[in-house]
Amino acid sequence: MTHNSTMNLPLVQFLMENDAELLKVPLSGHLRDIYSIYLIQMENNHIEPPTHEQLISFEEFVNDLKFISEVAPGSLSFKRENPLLSQVDELLEYIDVFPLKTLYELYTKRQESSNDQVQQNSNKKKEQVGNTSTLERLINILDFEKSMTTVHSSNNQQHKILSNQLNKILETEPASYELARQRAKEITPVIEYISTCRDHQHSSILASTVYIVNNKIVSMQWSKLSKYEIENPQFMACLKSKIHYVPNLKPQTDLTLGDCSYLDTCHKLGSCRYLHYLQYIPEFLTDEVTRETHAKNIKIKSESLKIPFYTHGNCSSLVIKEQAPPQWIRCDVRKFDFNIIGKFSVVIADPAWNIHMNLPYGTCNDIELLQLPLNHLQDEGILFLWVTGRAIELGKESLANWGYKVINELSWIKTNQLGRTIVTGRTGHWLNHSKEHLLLGVKGDPQWINKHIDIDLIVSTTRETSRKPDELYGIIERLVGPHARKLEIFGRDHNIRPGWLTIGNQLSGTCIHEMDVKRKYDKFIASNKNPNKWHKKDMNGIKSGNQKKFQSQISTF
Amino acid sequence: MANTSFQTDVNDVPDDQTTGQLIDSICNTCQLLHNNQPKRINSKLIFKLVHSFRFLNYNVLPAENKKLLSLNNIDIFTPILNLPDDSIPEKFDIIAILFAYCSIRSELHPLIINSLDSLINHLRDSYDSTNGIVNSDIFGMYTIVSYVEQFDEISPQLLQFLQLNLRDTLIHQWIPLWQNYKDSIPLQLSNFEQNSNEITSLLMNNSKLDFFIATSIDNLFNKQEQNGEKSSYIIYQITKRVILLNHWIPKDIYQIATDIIISHEVTSASTSTSLPTVSSSQSSSKPIKHDLLFNLQIIMELIDHPELNYLEEPRLILLLQVSLQKLSTLSVKTLHEIVNKSGSTQTLSAIFNMTQFLLTKFLVKMENITSSSSTSNLTLKKDYSIPDWFHDAIIPSIPPISKSLFIFDNDTLENESESNKLKFIVESLLNSLNSTIIINKKILSQYNSLNLNPLTLTSSSTPSTVKLLIKEKYMELYFIPSLTTLLLSDQLSTIPLGILYPKKKRSLYALFIFANTTNLLESLIKLHGNIALYHLIKFISKISATNLTLQKISIKLLNHLFFHIGSDSVKQLCLQNELTTQALHNYITIWNDGTETYKLFFEDLFELEQPKVDTNSTSLTTLLSKIPNVETIINLNQQISNITYNDDHSPIQPTPRKMSSQFSMENAMPISTNNNNIPSKYDAYSASSFIPSNKPYTPPITASTINTSTNNNNNNNNNNNNRYLFNNSMINTPPVTTNNTIPNDGGFNGLTPTHMNDNIPYVNTTNTQEGKNDNNYPYGSPFSTRGGTHPMSNTTPKTPTVSSMITTSASSNATSTFSNPWNESPGTFTSNMVGGKMVNTGKNYILGGHSRVRNNSRAQSIHIDQFENDNT
Ligand SMILES: [Zn+2]
Ligand SMILES: [Zn+2]
């Protein structure tokens, strides 16, 4: 394709000066629009109205652009938005100012020179650039080592700079991360917190001043305490503001043995010769902290009423909406119809893996777990699956089965009474387990997740057998917001929580507030009244007449 | 129903003097008509009179007006009827509208009663000739009034545009109702309660229902003695209609009606049916909320649940219609105040545009379903799909949100038939949509009159690119819902088959929606000038290329904006800007098909001759060959259509593996026999981070393999039993202490004996958390680890003497040999087959090995493990 056009220098200049604006919204590189802007600019530049010759038609304009792009290869790249439509719908995809500048300088310096020379020059340039596409060139820049070797030495410096800039851009943390963190900080309610004293001397002083009956501190010898205050200034202040652990000295206690590894969970307090502790917090201190926390949370709540500027993942009624009350369904999870409870943003499952056989509560067979139709619970979202030891691989398998991709793993470091890592776990093959694992599986690509707020570690005390730390709820609520529907499977009474639906066989009763769910649940229960329903195997033994009835019942279900 | 006229804003109530003058002139005009002076009666006067009647509503005139009552013994209808048909356009429509107004304001009832005989006489001919023909389009009086009041003025043009054709309704519905009423006392609910046919006919027929409300509503709520579920049901159903009529219902009655709907109880009726076994929230329902915030909250509920099937949410839709109607009477200032108070994450314009889009999207989808089932002719079908990106562009991505409890139904009051329910919901949806469009339009026109520009971006630090992007997004926020709404309008008017409502109503709603949407876009262009027009043309160009139905709608819209709004303001605006002109020229040139549709643009706007377009016939192959990259396009279109039909916006994700029923417990046993130790050591989960593993890889067994091996089932079942047997026996069998079974036989698979130390509870360090959790996370645990000395750190861990280890010889089970508990495939006997892989339940691991060992790391500890008995 050859053009007989002359070089339209004002157009080159126009492209150089406005490269960024032409490609951005609202023009977005549309040739028609660029043409219009060009005409407007030409009119503005001339004091006298432009002559007819200066006013080119749209077709001439497009030809001029094509010519420029041919003479200065790589300077302009075109794209067709909709291939069905005519040429006028072409877009300018990219403008490279560098070759345009070269072209412009070349022309302004040697205005006398012939077209042939330009043609030669452009051919030379073509060889340099090597007919590479815009994308290839960008990749070359990214691949720093390659660009070092292949790119002409004179461009070396430029590529280095570009490469650095790109790396910088790629490494820049988006503002959304910081905004999400700030928002979480501003609107998350605080919980009561009292720090613990680590001063051993305080402990030993207290040991000699408290009077313990039945493993409870019943009184203190205040006179002794004030005496110690003279020797240990700050002691009384510390006592009033921190938690202290007082050695529970008993006749059989052998101090040389050190601390009992079971501490407050020790079953043999009456005879154990190791050292145990009792917690001491002044009553007024807990009251004060409760009061302060409450006041702080009221303030946080009222501040959150201000118009929120960072709204990612929030529903429109975030502030005004009342959080859904706790809901729970007592059922055999294996026989439950998960279709009736709708879709959830987050699901927690804490199955009693068979590995826990020696623990005092019912277990769910591993295979049965794998066969639960948990794939119905979410269109997109995150599933948190507690796994223990060897179940970790089965857990990963299960997540894949349900359509999830394992994206993270959260560890719960279990601590004991003194806030130290647990060492008494009876599980573990090679090393004793002092942590539990929570697999995070993601389904789909949920845009509404607030990432980068919490860490993948929870350090907190153990409570009842297999009871998981409440910190997890906080993490999840920050991840998806307070009003997102959340489900916990295999939950127990201590797991019910506002905003959550809990299901499990150990719950007391059933409580459903969402009437649409309730209606479906009632239907499910009614259709389930037939005890044979779940034993398809029994159907073989039933006479053919009954079998028909059976099938119809199943199909209506 | 849907709307309030703009003149009757609650903030805009005229003063007493104005009201007085208004009533005076109405009375005078009526007198004039009555006196029947043909010279002075013309269509202009009659239209003026009808228009002035809209100010007689209860917002403007809350109390009974004495002066209006003086309009006794006056007949205004006969003189109008006597006018020659050609002197007054749509004569029967204007008479019917007048009749409707007189019906719904009690002071005007004498006007009807006085004229009734004369009316019947005049209409006797048509009365007889059409008698017996059942008209499917039954309009209530309130319905007609609400229809005409959404327009600024009742004009001959409007009536021609709407084509209400109210003649039959007037003759066969309204007049007979009045005829029967004329000599009787106000209707009593008890009249209906006796006869269920009467009730059905009352509740199903809007004429009768409206007539009942207009004449006898006082009785409904005054009589508190009625009880029984039947009457409370009827009251509730009538109330549902009353709350939709807003300012044409006396204030006190309207308030009672609203209370009933929101509290969801008819106070006099006992609704407490026995509570179901599952505890329900209804008992603890929230106190009644009258405030405007509650109205907004209902709309936000809709926005927060874009996935809802509205047909299943009758209560939400009812509340939505009432709320939108209420909000449509408020000024933009009040609306802003409510939004601010709500702390919503969405702006005022976003809330209503999102509502408009969601309602329209649902209606279009529903229409697509009903029309595809009723239209068999594929060639007649037009593509009424909404481009996929519309939703994503204006509806933010949010997680599934829990429903607010106020949207739930009280079943006892909602036992309507399904078809009736659907009809009601669909009409409510259309009314809600219409109100939303009107609110959107009103916001813009009030911004305009207040000289406010919502696009004024004050922050000077905002980069111009960001500003331009914001402008584009803002425009899309309006264009996407508006164009989708126009699509719905086209759908309603061109597809006659709507199973859910009669044809007449379909075409009327199509007209309402079209008129109000074009008004909305006009206001947008008026407010924002050229930038709005430019973006509109760009938007139209973009969507036209993806969907020909949208193209058709777009050019209709452009025609309307440029040539049919009664002024050439848009045309002038367009010509002022080169960018806009070029964009429009481009669009017109591309799509010009030589028809009238494009003619005015060429001749009137660009002053060019419309290019002639030849009609050519061509074969499909030739046509396709002319398209560049045809294969890519076909592929692309397939992709697009795939996406389009994926309506639920669920992202593409890994398909969950089917869980075949054959993997039930019965046959989930491993195929690998227990006789062979080598394959049974295979552990599919060899990647465990806890159990070191270097098993030889065995290809996973596929489901088909399992099928072929079902004859092993029996055997497997036996094995299954054995497994448990074995486990039990292991617990009961006195352990045999053996030293020599441990390391010598190579059973460690390359593990050095030092690994045996693993049963020493030794924690390397606990101090790493020191100080970290104190302050950084205010919501963290108060019991975070904070170092301290580890109880074990003073003691050097002792390597247990080999003799202290107790292992079990599995001598009791003949089917398997089991040399030592430290075999790193301890699940040998419990390996199960799942999805073709083996699953190790780890049971043997616990029972056969570690747990049976005394707490040997603390030799002196007196803690007794629960398995310690085994060791004694
Ligand atoms: Zn202290
Ligand atoms: Zn102890």
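**Zinc site, cores and domains in a predicted model**

Modeller: In this predicted model, chain B is divided into domain 1 (16–184) and domain 2 (292–373 + 381–611).

Biologist: How do you know that domain 1 of chain B and domain 2 of chain B are in contact?

Modeller: Contact requires heavy atoms within 4.5 Å, and twelve residues of domain 1 of chain B meet that condition with eleven residues of domain 2 of chain B. Between them the two domains bury about 1,100 Å², 63% of it on carbon and sulfur atoms, while their centres, taken over C-alpha atoms, are separated by 34 Å.

Biologist: What makes Cys260(A), Cys266(A), Cys272(A) and His276(A) donors of the zinc ion (ligand 2)?

Modeller: A donor here is an N, O or S atom within 2.8 Å of the metal; the SG atoms of Cys260(A), Cys266(A) and Cys272(A) and the NE2 atom of His276(A) lie 2.2 to 2.4 Å from the zinc ion (ligand 2), so these atoms qualify as donors.

Biologist: Why is the site of the zinc ion (ligand 2) called tetrahedral?

Modeller: Four donors count as tetrahedral if all angles lie between 85 and 135 degrees, and the angles among the four donor atoms are 95 to 121 degrees, so the site is tetrahedral.

Biologist: What does the pair Cys260(A) and His276(A) tie together?

Modeller: Cys260(A) and His276(A) both lie in the loop between β5 (244–247) and β6 (277–280) of chain A, so the pair ties together parts that are 16 residues apart in sequence. Both Cys260(A) and His276(A) are buried.

Technical notes. Residues are numbered from 1 along each chain as its sequence is written. Chains are lettered from A and ligands numbered from 1 in the order in which they are written. This is a predicted model: local features need pLDDT of at least 70, side-chain atom pairs count only at pLDDT 80 or more; totals for chains, interfaces and linings use all residues. Side-chain values use heavy atoms; hydrogens and water are left out. Donors are N, O and S atoms within 2.8 Å of the metal (3.2 Å for Na, K and Ca); water is not among the atoms, so sites may look incomplete. Four donors count as tetrahedral if all angles lie between 85 and 135 degrees; four count as square planar and six as octahedral if opposite donors are over 155 degrees apart and all others between 65 and 115; anything else is irregular. Helices (H or I, at least four residues) and strands (E, at least two) are DSSP runs, numbered from the N terminus. Buried means under 20% relative accessible area, exposed over 50%, partly exposed in between (1.4 Å probe, protein chains only). Domain bounds come from an automatic or database domain assignment. Buried area is the accessible area (1.4 Å probe) that two parts lose on being put together, summed over both.
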